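Me: I'd like a close look at one thing here: the pockets. Could you walk me through what lines them and which parts of the chain do the lining?

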Amino acid sequence: MPKIKAIIPLSNDALGGPFASADDDQFEILGRRDGVVLVEFIDLPSGVAWFDTFELMYCQEQHDAGTVKVIRKATEQERVLFRVPLWIQGEEVPECCGRPMFFVGQIDDDRICMEPPSGAKMWWHDKASFYVFTCAQCLESKAIGQQM
Ligand SMILES: [Zn+2]
């Protein structure tokens, strides 16, 4: 894959610059569609203080195709639209047919912990999220559950 660079305005009030720049080993692309790229930074260049690592950021592809520009924090609707899971614990993407499965969506629930079915041997004890995946080879579906 060609190298991608991110440019980050030093202030979110000054999208025209000045900018800091980051190499593609400092961020991860989690969604991409119609010129919009959602990324999370693993490591922020110095001088950038208006967001933090591992926040989902809304970026635009620049005319120079190898560059994306950070615009703002992504909204929760964008996270859903771009199908980016918000993990409670670590990332846990299941595999099927030898490949990572495709994330469909998640259910976040903070009440299920108070509703154990009668006879439950084990139950969720806290806010839980259930992540649904499907396989792009055989359509198998799978859910992963995590709790705080
Ligand atoms: Zn499969």
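What follows stays with the pockets and their linings.

Reply: Sure. Quick housekeeping: this is a predicted model, where local features need pLDDT of at least 70 and side-chain atom pairs count only at pLDDT 80 or more, while totals for chains, interfaces and linings use all residues. Numbering starts from 1 along each chain as its sequence is written, and side-chain values use heavy atoms, with hydrogens and water left out.

Start with the largest pocket (an open set of points on a 1 Å grid over the protein atoms alone, where a 1.4 Å probe fits, with protein on both sides within 12 Å along at least five of seven lines). Its volume (the space filled by probe spheres set on the points, which are joined across faces, edges and corners) comes to about 510 Å³. Around the largest pocket sit 23 lining residues (those with an atom within 4 Å of a point), and Leu30, Val84, Pro85, Trp87 and Glu91 are the ones nearest its centre.

As for who builds the wall, strand E3 (27–33) and strand E9 (102–109), both DSSP runs of at least two residues numbered from the N terminus, each put at least two residues into the lining of the largest pocket. E3 is the top contributor there, with six. Chemically, the lining of the largest pocket splits into 13 nonpolar residues (Ala, Val, Leu, Ile, Met, Phe, Trp, Tyr, Cys or Pro), seven charged (Asp, Glu, Lys or Arg) and three polar (the others, Gly among them). Residues of both domain 1 (5–81) and domain 2 (95–147) take part, so the largest pocket lies between them; those bounds come from an automatic or database domain assignment.

Now the second largest pocket, which holds about 220 Å³ of space. Its lining has 14 residues, with Arg79, Val80, Leu86, Gln106 and Asp108 nearest the centre. Helix H1 (76–81), a DSSP run of at least four residues, and E9 are the elements that give two or more residues to this lining. Here E9 has the largest share, at five residues. So how does the lining of the second largest pocket break down by class? You get six nonpolar, five charged and three polar residues.

Domain-wise, the second largest pocket takes at least three lining residues from domain 1 (5–81) and at least three from domain 2 (95–147). If you want one element to follow through the picture, try E9: this strand supplies at least two lining residues to the largest pocket and five to the second largest.
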